[in-house]
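User: I would like to go through this structure step by step and hear the reasoning behind each label. Please set each value against the rule it has to meet.

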Amino acid sequence: MSEGFFSKVPGRIPFGGLGSTDPLAFKVYQPDRIVLGKRMEDHLRPGVCFWHSFAWDGRDMFGLGTLDRPWLNDALDPMAAARQKMAAAFEFFAKLGTPYYCFHDRDVAPEGASFAEFRSNLDALADDALGYQERTGVKLLWGTANLFSHPRYQAGAATNPDPASFAYAAAQVKHMMDVTLRLGGENYVLWGGREGYDTLLNTDLKREGAQFARFLHLVAEHKARIGFKGQLLIEPKPMEPTKHQYDYDSATVLGFLARNGLEGEFRLNIEANHATLAGHSFHHEVATAIASGAMGSIDANRGDPQNGWDTDQFPNSVEDLALPLYEILRAGGIAPGGFNFDAKLRRQSSDRTDLFYAHIGGLDTIAQALLVAADLVERGELAANKDARYAGWDSEFGKTILGGSLSLVDLEARVASGEINPSPVSGGQERLENLVNRSIWAVDTAPEA
Ligand code: XUL
Ligand code: CO
C-alpha cells in the first residue's frame, strides 16, 4: 500500500488519540466510535473533493502551480494524466480511510475537441472510477458538472443571454446526472458558478430568473426520468466569481424554489465559507435550511476573517462547527448528505503529504465538534430552554391564533379588555452561551472512548 503517489504515507491513517505525537494519526476521529448510538463515520459521512485536492496545482492569478502533483504535468497525454490523477485520488481516499468522494465532470475528464469527445472521455473515466469504488469501498457522495470554467459560460450557464450556452450546460448536466447514477452517487449538486451578473447594465434579471427556473425544472424532470433516487442539491453562494450570484444564500434559494414551483425538488448544500461571504454564520445557514426541511449536505471549509473572499481553508475551529452539528443532530442527521471537504491547501503547502495533514486536521476538528454537539444534545438544556421559551404557542391561546380563527378585530378586543398583557422575559443569551462553552471545555478534556 505504500507504493504509489503517496509513498511517504505507509498505509491507512491510524487512530492515535490525543496522546499521539504522530502527525499522520487521527487524534479524535475514530470511524467506529459510537456517539449517540451511531458510528462517528455514519454521523459525518465525510468525503474528499477531487477539484481542490487533485485537479489544482496551486496556481493563482499571480503565479504558477506550486504543489507537487506529477499527474498534472502538461507534458502528459491528457487521458494518461487523467488516469494517473484518478489513481492518486483513490490511493489517497483509501489511505485516509474516508468513505466518500465528490467530483465535477471536468475534474476527471479532459475537455477534448468536442462535446462528444468529452462525453466519451468521461464515460471511460467513470468506468475506471467504478472499478476503483468496487476495489476500495469508497463511494460517491455527489457528482456535479463544471458550468463555469469554459469561456462558453463566461456569462453564466442557465442564465446566459445565449440559449446555446443554456443548451450546452443542459447537455453537460444530463450526462453527469447519468454518470452520477451509474456510480451510485447519493446526491447531485448544482452550484450556480456564474449564474449571476457583473453589471446590471447588461443584465435582464427577469429573463435570467425565468431561464434559471426552467433549467432547474429540466433537472428535476431528468431525475425522475432516469430514476435517480439521490437528493438534488443547490449550493448557495453570494458572490465570486460574479459580483452578485442569484443563489445568494439559503433563504434566497428557498424563496426562488417556492416562487417557481420547485419546492421539495431541491435541498441545500451548505458551504461554511459561502455562509460567511453572505454575512451570515455557518450556523445560521444550517439552521435556516433545517427550519425549511431543506438541509441536504455540507461543504466543510472555512474563510479567513481578514479576507472577503472564498479562501476555502480546511476547517479547524471546533467552536464554529459545534452548533451547526448540534442543529444537524437534533434534525436527525445529515444522511444522505455528508461532510465534503471543499477545502484547499495553502499555496505553500506544496508537499504531497500536506494533503494528509490537512484532511486529518479537518476530520479531527469535525469529530471533536460532533462530540461537543452530542454532549449538548444529551444534556438537553438548550432544547429545554427553547421549548420553554415558546411554550405559550403550545397553549390553547397560541394554537387558536395559529389555527387562524382569530382576526385582528378579535385580538384587538381581547387586548383592549385587559385580558392580554405580555410580560417580557429574559432571553438569557449569556447563560446559553455559557452552556455551549461548558460542553466545549468538558469534551476537550474527556478521554477518548
Ligand atoms: C465553489 C464551490 C464549488 C461547488 C461545486 O465555491 O464551492 O466547488 O462546491 O461546484
Ligand atoms: Co462547495
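Analyst: Domain bounds here come from an automatic or database domain assignment. On that basis the chain of this predicted model is divided into domain 1 (34-379) and domain 2 (384-442).

User: What makes domain 1 and domain 2 count as being in contact, and how many residues does each supply?

Analyst: Contact requires heavy atoms within 4.5 Å, and 6 residues from domain 1 and 6 residues from domain 2 enter into the contact. The centres of the two domains, taken over C-alpha atoms, are 39 Å apart.

User: How much area is buried between domain 1 and domain 2, and which residues of domain 1 supply most of its share?

Analyst: About 610 Å² is buried between domain 1 and domain 2, with carbon and sulfur atoms giving 62% of that area. On the side of domain 1, Val372, Leu376 and Arg379 supply 55% of what this domain buries against domain 2, which is more than any other three residues supply.

User: How many salt bridges and polar contacts does the rule find across the interface of domain 1 and domain 2?

Analyst: A salt bridge needs a side-chain nitrogen of Lys or Arg within 4 Å of a carboxyl oxygen of Asp or Glu, and the rule finds 0 of them across this interface. For polar contact, where the cut-off is 3.5 Å between N or O atoms, the rule finds 1 residue pair, both at pLDDT 80 or more.

User: Which elements give two or more residues to the side of domain 1 that touches domain 2?

Analyst: Those elements are α11 (318-330) and α12 (354-379), and α12 gives the largest share, 4 residues. By kind, the residues on this side of domain 1 divide into 3 nonpolar, no polar and 3 charged.

User: Why does the span of helix α3 agree with its number of residues?

Analyst: Helix α3 (residues 78-96) has 19 residues, and at 1.5 Å a residue it should span 27 Å; because its end C-alpha atoms are 27 Å apart, the two values agree. Just after α3, Gly97 takes a positive phi of about 85°.

User: What makes Ser407 a cap of helix α15?

Analyst: A side-chain oxygen of Ser407 lies 3.2 Å from the backbone nitrogen of Val409, at the N-terminal end of helix α15 (residues 408-416), and polar contact allows a distance within 3.5 Å. Just after α15, Gly418 takes a positive phi of about 85°.

User: Which peptide bonds are cis, and where do their prolines lie?

Analyst: The bond from Glu240 to Pro241 is cis, with omega near 15°, and Pro241 lies in the loop between β8 (231-235) and β9 (244-245). The bond from Ala335 to Pro336 is also cis, with omega near 5°, and Pro336 is placed in the loop between α11 and β12 (339-341).

Conventions. Residues numbered from 1 in each chain as written. Chains lettered and ligands numbered in written order. Predicted model: local features only at pLDDT ≥ 70, side-chain atom pairs only at ≥ 80, totals over all residues. Heavy atoms only, no water. Buried area = accessible area lost by both parts, 1.4 Å probe. Polar contact = N/O pair within 3.5 Å; in protein donor to acceptor, adjacent residues only side chain to side chain. Nonpolar A, V, L, I, M, F, W, Y, C, P; charged D, E, K, R; others polar. Expected span 1.5 Å × (residues − 1).
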